[in-house]
Amino acid sequence: MTTKQTVLNYYSAIHAENWQDYISDKLAYGFNSAEQNLGKQDYLQGAGNFFNSTTNVELAHLVVEGDKAAVIARYTAKSPAGATQIFEVPEFLTVRDGKIVASSIYLDGAAFMAFIKGEQSSLAAFIQLQHIP
């Protein structure tokens, strides 16, 4: 399977409950860091919690070069209160033999947690302040 097809299959599987099938046992993972010093269990826990808070994912951008892929994934998150918000998440993946072996993900965790808690992120508050006459 090509890198592109593996990546497309992985994102299609996120809400089909079998996304873990595309993760290598030897995954090197970095969250908001190019250093990939976390492993598969960290990824499964973090990504699983995040995916459970989302209802949809689409790929806004996908660039593939050899075994590497750069993605801007657009996740629709749903808060416990029922609000929805889109989070664009840059993700950099390395694929070998149909499995993701390396992943670096960049998510504004503070904005995401504020959304889930029903709070306004500091960026959203700042943007609103800019529009007050």
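In this predicted model, Lys68 and Asp67 pair up through their side chains in a salt bridge, with 4.0 Å between N and O. That distance sits right at the cut-off, since a salt bridge needs the nitrogen within 4 Å of a carboxyl oxygen. Lys68 counts as partly exposed, at 46% relative accessibility, and Asp67 is partly exposed too, with a relative accessible area of 26%. Asp67 sits in the loop between strand 2 (54–65) and strand 3, while Arg96 belongs to strand 4, so the pairing of Asp67 with Arg96 ties together parts that are 29 residues apart in sequence. The N-to-O distance for Asp67 and Arg96 is 3.5 Å. Arg96 is another partly exposed residue, at 46% relative accessibility.

The count of salt bridges comes to five. Another of them joins Arg74 and Glu88, whose closest N and O atoms are 2.7 Å apart. Arg74 lies in strand 3 and Glu88 in strand 4, so this pair ties together parts that are 14 residues apart in sequence. Both partners are partly exposed: Arg74 has a relative accessible area of 27%, and Glu88 one of 46%. The pairing doesn't stop there, as Glu58, Arg74 and Glu88 are linked in a network of salt bridges. As a general point, side chains of opposite charge can pair when their charged atoms come close.

Glu91 is a different story. This residue is in strand 4, and it is buried yet has no salt bridge. The nearest side chain of opposite charge is that of Arg74, 11 Å away. A salt bridge requires a nitrogen-to-oxygen distance within 4 Å. What Glu91 does have is a polar contact of 2.6 Å between its side chain and that of Tyr11. Leaving aside residues up to four places away in sequence, Glu91 touches Tyr11, Ala69, Ala70, Val71, Ala73, Tyr75, Ser104 and Ile105.

Tyr11, for its part, keeps plenty of company. With residues up to four places away again left out, Tyr11 touches Val57, Leu59, Val71, Ala73, Tyr75, Glu91 and Leu93. It is also one of the residues that touch the most other members of the largest nonpolar core, a set of 31 residues; the others are Tyr10, Trp19, Tyr43, Phe51 and Tyr75. At least two residues of this core come from each of helix 1 (3–13), strand 1 (23–31), helix 2 (40–52), strand 3 (68–78), strand 4, strand 5 (99–105) and helix 3 (109–116). Strand 3 gives the most, with five residues. In soluble globular proteins, nonpolar side chains tend to be buried together.

Leu93 brings the discussion back to strand 4, which covers residues 84–96. Leu93 counts as buried because its relative accessible area is 2%, against a cut-off of under 20%. Beyond residues up to four places away in sequence, its contacts are Val7, Tyr11, Asp67, Lys68, Ala69, Val71, Ile100, Ala102 and Ser103. That list takes in Asp67 and Lys68, the pair joined by the 4.0 Å salt bridge. The C-alpha atoms of Leu93 and Ala70 are separated by 6.4 Å, although the two residues are 23 apart along the chain.

Helix 3 adds further buried residues, namely Ala111, Phe112, Ala114, Phe115 and Ile116. Their cover includes helix 2, strand 3 and strand 4. Following helix 3 comes Gly118, with a positive phi near 80°.

Zooming out, the chain has four helices and five strands, and read along the sequence they follow the pattern α-β-α-β-β-β-β-α-α. Of the 133 residues in the chain, 38% are buried. Among contacts with a separation of 6 or more, 49% are between residues 24 or more positions apart. The accessible surface of the chain comes to about 7,800 Å², and carbon and sulfur atoms account for 52% of it.

Terms used:
Residues numbered from 1 in each chain as written. Predicted model: local features only at pLDDT ≥ 70, side-chain atom pairs only at ≥ 80, totals over all residues. Heavy atoms only, no water. Buried < 20%, exposed > 50% of the residue type's maximum accessible area, 1.4 Å probe, protein only. Contact = heavy atoms within 4.5 Å. Core = buried A, V, L, I, M, F, W, Y, C linked by side-chain atoms within 4.5 Å. Lys, Arg positive; Asp, Glu negative; His and termini not counted. Polar contact = N/O pair within 3.5 Å; in protein donor to acceptor, adjacent residues only side chain to side chain. Areas by Shrake-Rupley, 256 points an atom, 1.4 Å probe, with all protein chains shown as cover.
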